[in-house]
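Student: I would like to take a close look at a single part of this model. Could you walk me through one sheet slowly, and then add whatever else helps me to picture the structure?

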Amino acid sequence: MTYQEAEAFLFEQLPMFQRVGGSAYKKDLHNTLALLESIGNPQKKGKFIHVAGTNGKGSTASFLSSVLQEAGYKTALYTSPHLKSFTERMRINGIPISEAEVIKYVEKFKPIIAELRPSFFELTTAMAFDYFAREEVDIAVIEVGMGGRLDCTNVIEPLLSIITQIGLDHQQFLGDTLEEITKEKAGIIKNSVPVITSVKENELRLIIKELADSKNAPFMDSQEFFSVSVLEESLPDWKFSAENLKSNEKIEFESGLSATYQIQNLKSVFTAIEFLNKSGFDISSSDIQKGLKNVIQNSGIKGRWQRISNTGSSTPMIADTVHNITAFEFITKMLQQEVYEQLHFVYATVNDKKLDEILELLPKNAIYYFTQANIPRALDSKKLKKIAQDFGLTGHSYATVDQAIKIAQKNASDKDLIFVGGSTFAVAEIANL
């Protein structure tokens, strides 16, 4: 079996939510537990940090793994979805699992797949836990896939749970209100396991605290522990300052992920580092500074307010995997802060997303290039164009992301700005990401 055959088997034989949507979603952990039992329950070995949330969980997990790596710990990172290669989903000290390892796992799991018919994410999660256990990592940072309570990753007993920002997304599975979604996300809280949150809304934070209290889990509101501010919006890395609100100690640092929406995530990261140091870890200020600056190199994270270079065009381009209303509220504000003559907006989405609030929010004076990612779940670009017109958004539709970007580059001047967003899978198709 070649790697291409192994990857094709995973994508084509197993239901994958990112590609097909709700038909891949399992409403219990039965399959995950059965899979893990069949390979010796690797999730019971090692130390974990568990990160849930609607927005910010990928950035928070990447920041933490990068800092731990700089501190000398053999650090695993499990994230989803991938952008370019399946191997991105599980890394140790920033290095993706090898293609040879993936082949071995697919061949090993084939009999189990035939028996249990797991989803793509169930199998991938079992693979990651087994890989991390075999490699005897010091600590693994695990990003929740979707929700929390019923997510495949919610089979671990972590050292620490983190809940980032809450927003409306995947309502058909998690609930129609922010309160319902918060309860699902907070389902990762375990008995006596400390939980950190960066949730700003008092009523949502109270839901998390009440659940933590009911499980005797120490609760930490990151806003009470750290303040973070932008010192300079320099390129490529912004300069930030973080202050410990208990000791008044300050640290200045550069962040490889530079955007105002990272402030909430960074508060949780600093709170988590302080907790880890009090729990026996040894993470210095220098480790923190290196880890935050080198987060992209150390974790492989992409598509977070990323300025794309080597595009073959003189027009600046920014890409972001933004795809829900809460994230778009941040992104539209950041676009307003950019300096340009004309905004060219390459926009794609999926066919099960509630769009009204998002489309109402998007800038009316942009030129739109409606497109679609190469996945079955993508919303047809012509349909997207038609829906968007009702909200005063004008432009043309394009069959592929690459075509939309090339036409935008052709139309734009070097004083304009091209933004690509709306779908993680559209961003993944950018050539020089």
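Tutor: In this predicted model, let us begin with an open sheet of 3 strands, which are arranged in the order S9-S10-S11 and pair in an antiparallel way. Strand S9, residues 226-232, and strand S11, residues 250-255, are the edge strands, and each of them pairs on one side only. If you compare the directions of neighbouring strands in this sheet, ignoring which way they point, they are turned by 25 degrees against each other on average. Strand S10, which covers residues 238-244, is joined to S11 by 6 bridges, and these two strands run antiparallel. As a detail to find in the picture, Ser-241 stands opposite Glu-252 in S11.

Now turn to a pair of helices. Helix H3, residues 30-38, packs with helix H6, residues 120-134, at an angle of about 35 degrees, and their axes lie 9 Å apart. The crossing in which H3 passes H6 is right-handed. On the H3 side the contact is made by Asn-31, Thr-32, Leu-35 and Leu-36, which meet Glu-122, Leu-123, Ala-126 and Phe-129 in H6. Sorted by character, the residues of this contact comprise 5 nonpolar, 2 polar and 1 charged.

Finally, consider one residue, Asn-298, which is found in helix H13, residues 295-299. Asn-298 counts as buried because its relative accessible area is 10%, and the cut-off for that word is under 20%. Leaving aside residues up to four places away in sequence, Asn-298 touches Ser-66, Gln-69, Glu-70, Asn-93 and Gly-94.

Conventions: Residues numbered from 1 in each chain as written. Predicted model: local features only at pLDDT ≥ 70, side-chain atom pairs only at ≥ 80, totals over all residues. Heavy atoms only, no water. Axes fitted to C-alpha atoms, helices over the stretch in contact; angles between N-to-C directions. Helix = DSSP H or I, 4+ residues; strand = E, 2+ residues; numbered from the N terminus. Left-handed = near helix turned anticlockwise from the far one by under 90°. Contact = heavy atoms within 4.5 Å. Nonpolar A, V, L, I, M, F, W, Y, C, P; charged D, E, K, R; others polar. Pairing = 2+ DSSP bridges. Buried < 20%, exposed > 50% of the residue type's maximum accessible area, 1.4 Å probe, protein only.
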